[in-house]
Amino acid sequence: MTTEERELRIQLAAAYRIVDHFGWSELIWTRNTVRVPGPEHHFLINPYGLRFDEVTASNLVKVDLHGNIIGDPVIGDSDKEINPAGFVIHSAIHMARPDVRCVMHTHTTAGMAVAALADGLLPISMYALGYFERVAYHDFEGPSLELDERERLAANLGSKNVLILKTHGLLACGESVAQAFVRLFRLERACQVQLAAQATGAKLAMPSREVCELSGKLSDEFLVAEGDAGYSKKPNPEFAAMVRLMDRKDPSYRL
């Protein structure tokens with residue numbers, strides 16, 4: 001295993017623990033993936049059946065774009081299983097978007113509630129404004145077990161980095177684990193704020209289109225500037241802060 005893959009395993013395992021910390025995990029469901037370096041487009045995913053607080057750097061499973069587990073004689077991947085639905089969704093993006101290294105997907109209450117709204121995410125908060133005209137949508141086709149759905153998933157995502165899976169949940173992409181996490185965190189917060197505002201029954205205030213466009217542009221630029229596009233560079237400070245918290249709570253994810 002290369003030094004870079006080992007570091008990516010640690011970052012992804014940390015992301016699983018962070019998702020669990022925020023209460024975004026869904027028993028053993030949902031998942032986060034990261035593509036490892038190399039021409040094969042192999043990526044790491046959680047082993048089927050483990051809670052997110054049980055995921056570690058060494059028990060992550062490496063798979064190819066066909067769902068085959070790439071066995072490692074040291075780690076012992078060959079006797080593990082993965083979630084078929086998770087493979088379909090994540091492989092669709094890893095196949096179509098070579099610029100994306102990490103994909104994170106959740107089934108939170110707020111995310112699924114906004115995914116159930118006909119109008120989707122509304123530009124009514126600072127977090128939501130960061131995604132103005134930058135949110136993609138994919139209609140629900142069932143539990144994502146059919147391989148032919150991958151083409152439609154990839155087509156609907158296009159060049160965007162956040163996807164609301166209608167009737168399903170949220171998904172965020174990044175050039176690094178840090179970027180994907182920050183995008184997901186901000187998308188989740190946007191959904192939470194929207195639901196709280198809509199629950200009041202009052203008329204919603206929306207900024208002008210000019211302000212929405214500027215906010216989206218500046219948020220994108222800031223995230224890219226702060227993001228970690230390579231494993232050896234200084235990580236995004238938001239992600240780094242959460243990694244420090246995971247180290248204090250339980251550093252076993254690094255094993």
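**View 1. Ile164 faces Leu170 in a pair of neighbouring strands.** In this predicted model, isoleucine 164 sits opposite leucine 170 of S7. The strands here are S6 (residues 162-165) and S7 (residues 169-174), and they pair antiparallel over four bridges.

**View 2. Seven strands make an open sheet.** Reading across, the order is S3-S2-S1-S4-S7-S6-S5, and the pairing is mixed. Strand S3 (61-63) and strand S5 (135-138) take the edges; each has a single partner strand, so one side of each goes without a neighbour in the sheet. On average, neighbouring strands are turned by 20° against each other, direction ignored.

**View 3. Helices H1 and H6 pack on the sheet.** H1 touches S1, strand S2 (43-45), S3 and strand S4 (102-106), and its direction makes about 165° with that of S1. Helix H6 (residues 177-199) touches S1, S4, S6 and S7, and its direction makes about 150° with that of S7.

**View 4. Glu5 and Arg9 form a salt bridge inside helix H1.** Their closest N and O atoms are 3.1 Å apart. The two residues are four apart in H1, or about one turn of the helix. Is this pair buried or exposed? Both glutamate 5 and arginine 9 are buried.

**View 5. Asp250 reaches Arg17 across a long stretch of sequence.** The salt bridge between aspartate 250 and arginine 17 has its closest N and O atoms 3.2 Å apart. Aspartate 250 belongs to the segment after helix H8 (237-249) and arginine 17 to helix H1, so the pair ties together parts that are 233 residues apart in sequence. The two ends sit in unlike surroundings: arginine 17 is buried, at 7% relative accessible area, whereas aspartate 250 is partly exposed, at 33%.

**View 6. Arg51 and Asp53 meet in a salt bridge.** The N to O distance is 2.8 Å. Arginine 51 counts as partly exposed at 42% relative accessibility, and aspartate 53 is partly exposed too, at 30% relative accessible area. Elsewhere, salt bridges with shared partners link Glu5, Arg9 and Lys62 into one network. Across the whole structure, a search turns up 14 salt bridges.

**View 7. Leu27, Trp29 and Tyr48 make a nonpolar surface patch.** Together they offer about 330 Å² of accessible area. Where does tryptophan 29 lie? Tryptophan 29 is in the loop between helix H1 (3-21) and strand S1 (31-35). Its relative accessible area is 34%, so tryptophan 29 counts as partly exposed.

How values were computed: Residues are numbered from 1 along each chain as its sequence is written. This is a predicted model: local features need pLDDT of at least 70, side-chain atom pairs count only at pLDDT 80 or more; totals for chains, interfaces and linings use all residues. Side-chain values use heavy atoms; hydrogens and water are left out. Patches are made of residues with over 30% relative accessible area and no salt bridge: like charges are joined within 9 Å, nonpolar side chains (Val, Leu, Ile, Met, Phe, Trp, Tyr) within 5 Å. Accessible areas come from the Shrake-Rupley method with a 1.4 Å probe; for residues, only the protein chains shown count as cover. A salt bridge is a side-chain nitrogen of Lys or Arg within 4 Å of a carboxyl oxygen of Asp or Glu. Buried means under 20% relative accessible area, exposed over 50%, partly exposed in between (1.4 Å probe, protein chains only). Two strands pair if DSSP finds at least two bridges between them. Axes are lines fitted to C-alpha atoms, for helices over the stretch in contact, and angles run from 0 to 180 degrees between N-to-C directions. Contact means heavy atoms within 4.5 Å.
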